[in-house]
Amino acid sequence: MGSDDEKKDKKSKKKSARDDDRDEKRDKKAKKDEEEKKEKKEKDKDERKKDEDEKKEKKEKDKEERKRSRSPKKRPKEESEKRPKEESAEERLRKEQSLKQREEQRLKDEVEQERIRMADDAKRMDRTVMLVGLSLRADERDVFEFFSGRAGTVRDVQIIRDARTGRSKGVAYVELGTAEGMVKALGMSGQTVKGAKVMVQASNVDNRGTRASSGR
């Protein structure tokens with residue numbers, strides 16, 4: 001009886017040992033599967049993150065490319081900084097040349113005007129006479145009528161007057177229309193204007209201006 005119980009007890013222990021071993025193997029397998037599943041999950045997560053980063057990077061690159069294609073092409077910084085300076089120098093040179101040309105033209109115009117004035121003064125000198133001994137009562141109209149017709153065209157009459165009182169000094173300058181008219185005027189010397197005998201003599205522009213100034 002005792003031996004049977006011992007056999008049963010041994011048999012029960014062997015079965016319990018096998019069950020424990022089987023449970024242990026099952027637990028190990030379950031733990032291993034769990035670790036593999038967790039590892040796979042982490043790997044999938046890393047793959048998804050990598051894909052998202054690549055997509056984001058590609059999107060940013062495409063955006064930058066579109067922006068460059070829409071904006072005008074820019075010159076290199078060094079060239080863009082150098083170009084305005086070159087243009088500014090060229091502009092200054094053009095302005096200087098333009099000013100120089102205008103100044104040269106102005107000088108030419110002044111020389112030409114002076115030449116014309118001197119030529120005109122010379123012509124006036126050839127047809128201007130001085131009237132001396134003029135009556136103090138005679139005015140420009142009296143002198144004009146005296147020479148007009150008999151000496152041809154009268155261009156200008158100037159009676160020298162006192163600057164303070166405005167009274168005549170008995171001297172007048174008469175510009176005739178032609179040199180021939182001047183010759184005829186000289187032939188009228190000794191005739192009377194407003195009751196006074198006058199002397200007609202040749203004059204020139206320089207003396208005329210000087211006397212007129214001193215008279216005033």
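# Notebook: a buried Asp and its surroundings

I began with Asp-142, which is buried (under 20% relative accessible area, with exposed over 50% and partly exposed in between, 1.4 Å probe, protein chains only) yet has no salt bridge. Its nearest side chain of opposite charge is Lys-194, 4.1 Å away. For charge, Lys and Arg count as positive and Asp and Glu as negative, while His and the chain ends are not counted. A salt bridge here needs a side-chain nitrogen of Lys or Arg within 4 Å of a carboxyl oxygen of Asp or Glu.

A note on the ground rules: this is a predicted model, where local features need pLDDT of at least 70, side-chain atom pairs count only at pLDDT 80 or more, and totals for chains, interfaces and linings use all residues. Residues are numbered from 1 along each chain as its sequence is written, and side-chain values use heavy atoms, with hydrogens and water left out.

**Asp-142 and Ser-135**

I placed Asp-142 in helix H3; helices (H or I, at least four residues) and strands (E, at least two) are DSSP runs, numbered from the N terminus. I then listed its contacts (heavy atoms within 4.5 Å). Leaving out residues up to four places away in sequence, Asp-142 touches Arg-137, Val-193 and Lys-194.

Next I looked up Ser-135, in the loop between E1 and H3. Ser-135 counts as buried at 11% relative accessibility. Not counting residues up to four places away in sequence, Ser-135 touches Ser-168, Val-193, Lys-194 and Ala-196. I noted that Val-193 and Lys-194 appear in the contacts of Asp-142 and also in those of Ser-135.

**Overall layout and confidence**

I found five helices and six strands in the chain. Along the sequence the pattern reads α-α-β-α-β-β-α-β-β-β-α. Of the 216 residues, 19% count as buried. Among contacts between residues at least 6 apart in sequence, 65% join residues at least 24 apart.

I checked pLDDT, the predictor's confidence in each residue from 0 to 100. The chain averages 80, and 81% of the residues score at least 70. Over residues 205–216 pLDDT stays under 50, and the model has 23 contacts for them beyond four places in sequence. Where pLDDT is low, the predicted coordinates should not be read in detail.

**The core**

Which residues touch the most other members of the largest nonpolar core? I got Val-129, Leu-131, Leu-134, Val-143, Phe-147, Val-174 and Leu-176, out of 20 residues in that core. Two or more residues each come from strand E1 (128–132), helix H3 (140–147), strand E2 (154–161), strand E3 (168–176) and helix H4 (179–186). The term covers buried Ala, Val, Leu, Ile, Met, Phe, Trp, Tyr and Cys residues joined through side-chain atoms within 4.5 Å.

I followed Val-174 further: beyond four places in sequence, its contacts include Val-129, Val-143, Phe-147, Val-154 and Asp-156.

Phe-147 came up again in the one aromatic pair of the structure. The ring centres of Phe-146 and Phe-147 are 4.8 Å apart and their planes are at 80 degrees, so the pair is edge-to-face. The rule pairs rings of Phe, Tyr and Trp (its six-membered ring) with centres within 6.5 Å; planes under 30 degrees apart count as stacked, over 60 as edge-to-face and the rest as tilted. Both Phe-146 and Phe-147 are buried.

In helix H4 I looked at Gly-181, which is buried with a relative accessible area of 4%. Leaving aside neighbours within four places in sequence, Gly-181 is in contact with Ala-151 and Leu-176.

**Salt bridges**

How many salt bridges are there by this rule? I counted twelve.

Glu-24 and Lys-28 meet in one of them at 3.6 Å, N to O. These two are four residues apart in helix H1 (residues 2–70), so about one helical turn separates them. Glu-24 is partly exposed at 42% relative accessibility, whereas Lys-28 is exposed at 54%.

Arg-106 pairs with Glu-103, the closest N and O atoms being 2.5 Å apart. Both lie in helix H2 (residues 77–126), three residues apart.

Glu-140 forms a salt bridge with Arg-161, with 3.2 Å between the closest N and O atoms. This pair links distant parts of the chain, Glu-140 in helix H3 and Arg-161 in strand E2, 21 residues apart. Glu-140 is partly exposed at 28% relative accessibility, and Arg-161 is partly exposed with a relative accessible area of 28%. I closed with a network: salt bridges that share partners join Glu-103, Arg-106 and Glu-110.
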